[in-house]
Amino acid sequence: LVNCTTIDWFLEWPKDALLEVANKFLADVDMLQTITGLPREIDPSENIGITKQEKFQQSVAGIFATIHDSVSTCSKTMREEIKRYNYVTPTNYLELVTGYKNMLSAKRLECANSASKLRNGLLQIDKTKVKVEEMSIELEKATVQVNQMNQECDEFLVTIANQKRETDEQQKAVAASAVKIREEEAICQQMTEVALADLQEAMPALEEAMVALEALNKKDLTEVKSYGRPPDKVKMVMEAVMILKQVEPTWAEAKRQLGEANFITQLKDFDRDHISDKTLKKINIYTSNADFDPVKVGIVSTAAMSLCKWVIAMEKYGKIYRVVAPKRAKVDEATAALKQKQAILAAAKAKVTELQKLLDQLKADFDEK
């Protein structure tokens, strides 16, 4: 009989026991814990009598007991009606309480995570809103700066265009002036060459006279000076020399001149470019004389021969210079005008260079903007 019998050891717990067990299990659970985990606000009324924590805990414990009792009642009804057993044991009750605790902890963690995500999201939204406001302010400032920069760029473009136009006009003017000046340089060069070609006719005689003067020495001059009554050819040569030197054409003056230490130097440095027509006419009287010949004079005196060559060379140079002088004057005038124009051209080129540098600087400044 004993072996064929199942003893029903599952005795029902009284409600007080159920409440006590539930309160025991819920004692370490903060029933009023917030989702954020921050300390909850203390209600002053909690200090009077039972606290909210205790009220909440007792209410939950009462729900556990009610659920357990209702399940037991329903199980009895099912057994009476359909003869099926459903055992409601204290273990089921303990699993109900511990399951609640575990689920409460899991849900609180889930809610805390969701709240944290929501909080972080709202915080990011607030930060983004602040950044958007700051960026809006910066955008307004940047817009003002951009408008200002656009205006400055437009002004720069106008300045660059004006500067480029001025530079181009100046370059064209300089190029035209350069062509004209090169033409004038060619004309001046041609005029100079013509004048030099005319003077070149007198250069051989002049060079020969200079060589002859170089050959003279103090002894030769002393020889001429020693004449009390000089030969006619010597006297004629010395008179011509005195006429060129613009002094009295007398033998006494000639002797005095010959006695000067720098006599030969005076002849070498003689201003042959300014021999007057009157002087040339007087000299021509002597040079047209058949005896006024260096070879013939050289027979009488070597020194007089050199002086004769000098007189002939001076006369020839003076006559040619009379023809060349107007040409040289024109050359000098043209050269002076040319130099002035060249100076103006150089100044214009310098200005073009300066304008080009300014234009390049303006372009560089515009590129930086």
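**Salt bridges, helices and overall form**

Q: How many salt bridges does the chain hold by the rule of a Lys or Arg side-chain nitrogen within 4 Å of an Asp or Glu carboxyl oxygen?
A: Please keep in mind that this is a predicted model. A pair counts when a side-chain nitrogen of Lys or Arg lies within 4 Å of a carboxyl oxygen of Asp or Glu. By that rule, the number of salt bridges comes to six.

Q: Which two helices are linked by the salt bridge between E214 and K268?
A: The side chains of E214 and K268 meet with an N to O distance of 2.8 Å. The two residues are 54 apart and link distant parts of the chain. E214 belongs to residues 203-215 and K268 to residues 263-268, which gives helix α4 and helix α8.

Q: In the pair E214 and K268, which residue counts as exposed?
A: The cut-off for exposed is over 50% relative accessible area, with partly exposed between 20% and that value. K268 has 28% relative accessibility, so K268 is partly exposed. At 53%, the residue that counts as exposed is E214.

Q: Which residue of the salt bridge between R256 and E253 is buried?
A: The closest N and O atoms of this pair are 2.6 Å apart, and both residues lie in helix α7 (residues 251-258), about one turn of the helix from each other. R256 has a relative accessibility of 45%, so R256 counts as partly exposed. Buried means under 20%; with 16%, the buried partner is E253.

Q: What is the relative accessible area of E315, the salt-bridge partner of K319?
A: K319 and E315 meet through their side chains at 3.1 Å, N to O. They are four residues apart in helix α11 (residues 302-368), so about one helical turn separates them. K319 is partly exposed, with 40%, whereas E315 is buried, with a relative accessible area of 6%.

Q: Which residues do salt bridges with shared partners join into one network?
A: R256 already has a salt bridge with E253. Salt bridges that share partners make a network that takes in E253, R256 and E260.

Q: What is the accessible area of the nonpolar surface patch that includes V71?
A: V71 sits in helix α2 (residues 52-82). Its relative accessibility is 34%, so V71 counts as partly exposed; patch members need over 30%. I63, I67 and V71 form this patch, and their area together is about 220 Å².

Q: How many helices does the chain have?
A: Reading from the N terminus, the elements run α-α-α-α-α-α-α-α-α-α-α. The secondary structure has zero strands, and its helices come to 11.

Q: What radius of gyration does the chain have, next to that of a compact globule of 369 residues?
A: The C-alpha trace spans about 200 × 50 × 45 Å along its principal axes. A compact globule of 369 residues would come near 21 Å, but the value for the chain is 68 Å.

Q: What distance separates the centres of domain 1 and domain 2?
A: Domain 1 takes in 15-40 + 48-137, and domain 2 takes in 167-359. Taken over C-alpha atoms, their centres are separated by 134 Å.

Q: What share of the residues of the chain counts as buried?
A: The chain exposes about 24700 Å², and carbon and sulfur atoms supply 57% of that area. With buried meaning under 20% relative accessible area, the share among the 369 residues is 27%.

Q: Among contacts between residues at least 6 apart in sequence, what share joins residues at least 24 apart?
A: A contact here means heavy atoms within 4.5 Å. Of the contacts between residues at least 6 apart in sequence, the share joining residues at least 24 apart is 78%.

Terms used: Residues numbered from 1 in each chain as written. Predicted model: local features only at pLDDT ≥ 70, side-chain atom pairs only at ≥ 80, totals over all residues. Heavy atoms only, no water. Patch = residues over 30% accessible without salt bridge, like charges linked within 9 Å, V, L, I, M, F, W, Y side chains within 5 Å. Areas by Shrake-Rupley, 256 points an atom, 1.4 Å probe, with all protein chains shown as cover. Buried < 20%, exposed > 50% of the residue type's maximum accessible area, 1.4 Å probe, protein only. Rg over C-alpha atoms; globule rule 2.2 N^0.38 Å. Domains from an automatic or database assignment.
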